[in-house]
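Welcome, and please open your viewer. We will go from one selection to the next, with a short note on what to look for at each stop.

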Amino acid sequence: MRTSIGTIINVMLCLVLFASCNQRGNSTHNILKSNTDSIYYAKGFNIEQYDSCKIINLLNPWKQEQVLQTYILCPKSKPLPNNLPNGTVIRTPLNNTVSFTSVTCGFFDELDILSTLIGVAEPQYIDINYVKEGIKKGNIKDVGMASNPNIETLMLIEPEAIFTNPINDSGVSALNKVNSTIINCFEYMETNPLGQAEWIRFFGLLFEKESLADSLFFNTVNNYNKLKALIPDFENRPTVFAELKYGDFWYMPGGKSYMANLFADAGADYILKDSESSGSTSFSFETVLDKAENADFWLFKHYNNYDMTYQQLASDYSNYTLFKAYKNKNIYACNTLKRANYYIELPLHPDWILEDLIYIFHPELLPNYTTRYYIKLKE
């Protein structure tokens, strides 16, 4: 009887050891927690690094404690790990993609991954030669409007991933018919200029371009902070207001917005700096006149095939002449048609915009500088 019990015990020990060895043999295919990557300025995502995969948590820009989407990035060159958490699995690097925005194309250009594009929405707004030539030659397909994409074309070209903005809700539901991973990008919701620039790290992970993405990002950070450091602690900072009246309303960025932060970093007092809004706010002309009549500077963007003049501005709306900035000829405008790369370059290069603004508000700090985007209105 003792022999029988001893035999049973030995057999059980052997089974336990076998199971243990078998688990060790498979452990390389399981994910083991490594560390969490530092995010320096962006609020829209975080990164978790594991031994055999990377995880990106996309955060709700309105409720940042809420995770909207989890992307699990697993290299195509390795077997898919076991015990993956819940989320959308993406095999990297991505090779065939569609972009719904010119901003995403701008990030692709910086990372030298435009060759992955097989489709774009609204190509008329993408001022990138590679994309223009690709559309002309048929290598890149026009998939229609971002808000109403051509589902048949998308199904035909079969992209691995479609990069879109959550603001395009009407088009997103229709994309469920396409067998592609939908990657939502919230970079436009970042209010810190360097936060928006940090989204290049998000794209770098998806295409296994982490080193290049980090290099580009930190180069922007260094340039931005060097420029920002030029601004002394002025007791009296010049005041500024922004944009134009459209129809019955004048839309201006809020006091916690991306542009408001740029104004502050450039050494100016934005007339809405005390506003808690991070988005665009609408006002009547009378309200704007009350707030901005005596502001030192006026900056706006427009989309025309001509450069705006003071005479043109007055002919568009005669009450524009009531502002001190008009009377003192301190108005600067960015023509986003003639300088179409403004919106493409802005996300990764807020340092370029900041340099323009510093020169406008404090030209003595940047002698011999020529503005890249904003030009002073002529008579």
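A salt bridge here is a side-chain nitrogen of Lys or Arg within 4 Å of a carboxyl oxygen of Asp or Glu. Please keep in mind that this is a predicted model, in which local features need pLDDT of at least 70 and side-chain atom pairs count only at pLDDT 80 or more, while totals for chains, interfaces and linings use all residues. Residues are numbered from 1 along each chain as its sequence is written, and side-chain values use heavy atoms, with hydrogens and water left out.

**Stop 1: a salt bridge to begin with**

Select D127 and K132 and show their side chains. They meet in a salt bridge, at 2.5 Å from N to O. Are these two residues buried or exposed? D127 is partly exposed, with a relative accessible area of 30%, and K132 is partly exposed too, at 41%. The cut-offs are under 20% relative accessible area for buried and over 50% for exposed, with partly exposed in between (1.4 Å probe, protein chains only).

**Stop 2: the other salt bridges**

The structure holds 14 salt bridges. Move on to K273 and D269, whose side chains meet at 3.4 Å, N to O. K273 is partly exposed, with a relative accessible area of 42%, and D269 also counts as partly exposed, at 21%. Now select E198, R201 and D214: salt bridges that share partners join them into one network. Within this group, the closest N and O atoms of R201 and E198 are 2.8 Å apart. R201 is buried, at 7% relative accessible area, and E198 is buried at 0%.

**Stop 3: the whole chain**

Zoom out and colour by secondary structure. The protein chain has 14 helices and 20 strands; these are DSSP runs numbered from the N terminus, with helices being H or I over at least four residues and strands being E over at least two. Of its 379 residues, 47% count as buried. Turn on the surface as well: the chain exposes about 19100 Å², and carbon and sulfur atoms supply 49% of that. Accessible areas come from the Shrake-Rupley method with a 1.4 Å probe, and for residues only the protein chains shown count as cover.

**Stop 4: a hairpin**

Select residues 45-50, which make up strand 2. Five of its six residues are buried, so strand 2 is largely enclosed by the rest of the structure. Add strand 3, residues 54-59: five bridges join these antiparallel strands, where pairing requires that DSSP finds at least two bridges between two strands. Strand 2 and strand 3 form a hairpin with three residues between them. To see the register, pick Q49, which stands opposite K54 in strand 3.

**Stop 5: S102 and its contacts**

Next, go to S102 in helix 2, residues 102-110. S102 is buried, with a relative accessible area of 17%. Which residues does S102 contact, leaving aside its neighbours within four places in sequence? They are Y125, I126 and I344, where contact means heavy atoms within 4.5 Å.

**Stop 6: helix 14**

Finish with residues 350-361, helix 14. Its twelve residues reach 16 Å from first C-alpha to last, close to the 16 Å expected at 1.5 Å a residue; the expected span is 1.5 Å times one less than the number of residues. Nine of the twelve are buried, so helix 14 is largely enclosed by the rest of the structure. Among the buried residues to highlight are P350, I353, L357 and F361.
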